[in-house]
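Here is a short briefing to read alongside the model. Keep the viewer open and follow the topics in turn.

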Amino acid sequence: MSEFLPEIVVVAAIIRDRENRLCLSRRPEHKHQGGLWEFPGGKVEEGEPLDQALVRELDEELGMKAARSQPFMTVRHRYPDLRVTLHFREVTAYTGEPHGREGQPVEWVPLQELSSRQFPAANQPVVTALKLPRQLVIPPEGLGYQDVLAGIDRLDPDSQGLYLRQWSQSDALPELAARCRERGVRFWIRDDAHLATREHAFGLHLTCGSGPSPRKGGEAGRQDPRDPEEALQNFQGILSASCHNEAEIAQAVEWGAQMATLSPVHATPTHPDAPPLGWDRFRALVEGKPLVFYALGGVTPQDLDTALHNGAFGLAGIRAFWINNG
């Protein structure tokens, strides 16, 4: 049983060069998950601060000195023979040229080529997260078309994406999608794989619980925009899901989703009758799941550190995030 498995804590580095390539190393064949590529790092000693542990590991493994870092995300994963908590940290400064001091292969890999490498299962959510913004912004209900256009212009394309939840079936969608593409804003379409493909959306967001179960080879020629199987076949972007409980997370995993919103973390005016999860329950639900999670429901941009500590990669929201664009 999982409670009797050995457990380790690991710190790992997201290291970029000036060309935005990522530094990867390959695990020795004789070690756990041997032969797979990974983000460099190693075990954290008891009582050792994470930033200091990463400095030590990068010096020992790669010859990097004086590495400074900040939290990126935390992944808790259960292998059949091991439980591991991985604290991924983004390196912001260092000296020296990374090289394999222990004889391990080390390479600089472009972001778009990460999917061609084989990683340990616990690294997979990080591979996805590297493509994602920290915030998923949802326009409030009741806004006019011009208000949404103006809001798109205020988004930071590097850190904010846009979920066009209420606008996915609007006649204005092509214009809103065009503005997002023009500004380099990553945007998500709700439920409709055909629309998402047509508009070159970055993400397709499926609502769990109310849609059909995935079908393995449904009726020939049947066109169902909410069919997850068709989404997988025809949509080439990020597949995400809206989740509220363990069953819906399992449904998202079965669909092959790469990310999910999990809500509500706190009570919200939008869904006053929905019982809030709280951070402890949020953390328990996301542990060991192969998804990148966004905390949604009563959160603000100031909650990012708390969200990272509890297994989320980012935050999703409406009012607090849209207002902060003004």
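Right after helix α4 comes G184, which has a positive phi near 75°. The helix itself spans residues 173-183; helices here are DSSP runs of H or I with at least four residues, strands are E runs of at least two, and both are numbered from the N terminus. This is a predicted model, in which local features need pLDDT of at least 70 and side-chain atom pairs count only at pLDDT 80 or more, while totals for chains, interfaces and linings use all residues. Residues are numbered from 1 along each chain as its sequence is written, and side-chain values use heavy atoms, with hydrogens and water left out.

**Helix α4 and its surroundings**

- L173, L176, A177 and C180 are the buried residues of α4, where buried means under 20% relative accessible area, exposed means over 50%, and partly exposed lies in between (1.4 Å probe, protein chains only).
- These residues cover an arc of only 100° around the axis, so they sit on the same side of α4; the arc is that of the directions from the helix axis to the C-beta atoms.
- The cover over the buried residues of α4 includes α3, β9 (160-163), β10 (187-190) and α5 (193-198).

**How α3 packs against α4**

- Helix α3 (residues 145-154) packs on α4 at an angle of about 15°, and their axes are 10 Å apart; axes are lines fitted to C-alpha atoms, for helices over the stretch in contact, with angles running from 0 to 180 degrees between N-to-C directions.
- The two helices α3 and α4 are therefore roughly parallel to each other, a label for angles under 35 degrees (over 145 is roughly antiparallel, 65 to 115 roughly perpendicular, and the rest oblique).
- The crossing of α3 and α4 is right-handed, meaning that the near helix is turned clockwise from the far one by less than a right angle, while an anticlockwise turn would be left-handed.
- On the α3 side, Y145, V148, L149, I152, D153 and R154 meet E175, L176, R179, C180 and R183 of α4, with contact meaning heavy atoms within 4.5 Å.
- By class, this contact of α3 with α4 holds six nonpolar, no polar and five charged residues; Ala, Val, Leu, Ile, Met, Phe, Trp, Tyr, Cys and Pro count as nonpolar, Asp, Glu, Lys and Arg as charged, and the others, Gly among them, as polar.

**A second helix with two sides**

- In helix α7 (residues 246-255), the buried residues are E248, I249, Q251, A252 and W255.
- Their arc around the axis is only 155°, which puts them on the same side of α7.
- A247 and E254 are exposed on the other side of α7.

**Backbone geometry to check**

- Most residues other than glycine have a negative phi, and most peptide bonds are trans.
- N20 is not a glycine, yet its phi is positive, near 65°.
- You will find N20 in the loop between β1 (7-14) and β2 (22-26), and it is partly exposed, with a relative accessible area of 39%.
- H200, also not a glycine, has a positive phi of about 55°.
- The loop between α5 and β11 (203-207) holds H200, which is exposed at a relative accessible area of 60%.
- The peptide bond from S263 to P264 is cis, with omega near -5°.

**Where P264 sits**

- P264 lies in the loop between β13 (259-262) and α8 (278-286) and counts as buried, at 10% relative accessibility.
- Leaving out residues up to four places away in sequence, P264 touches A274, P275, P276, L277, G278, L296 and G297.
- The C-alpha atoms of P264 and A274 are 7.2 Å apart, with their positions 10 residues apart in sequence.

**Two more residues to look at**

- L58, in helix α1 (residues 50-62), is buried at 0% relative accessibility.
- Beyond four places in sequence, L58 touches A13, I15, P40, G63, M64, A67 and V91.
- Q70, in strand β5 (residues 65-79), is partly exposed at 40% relative accessibility.
- Beyond four places in sequence, Q70 is in contact with R89, E90 and T92.

**The protein overall**

- The protein has 10 helices and 15 strands, and 52% of its 326 residues count as buried.
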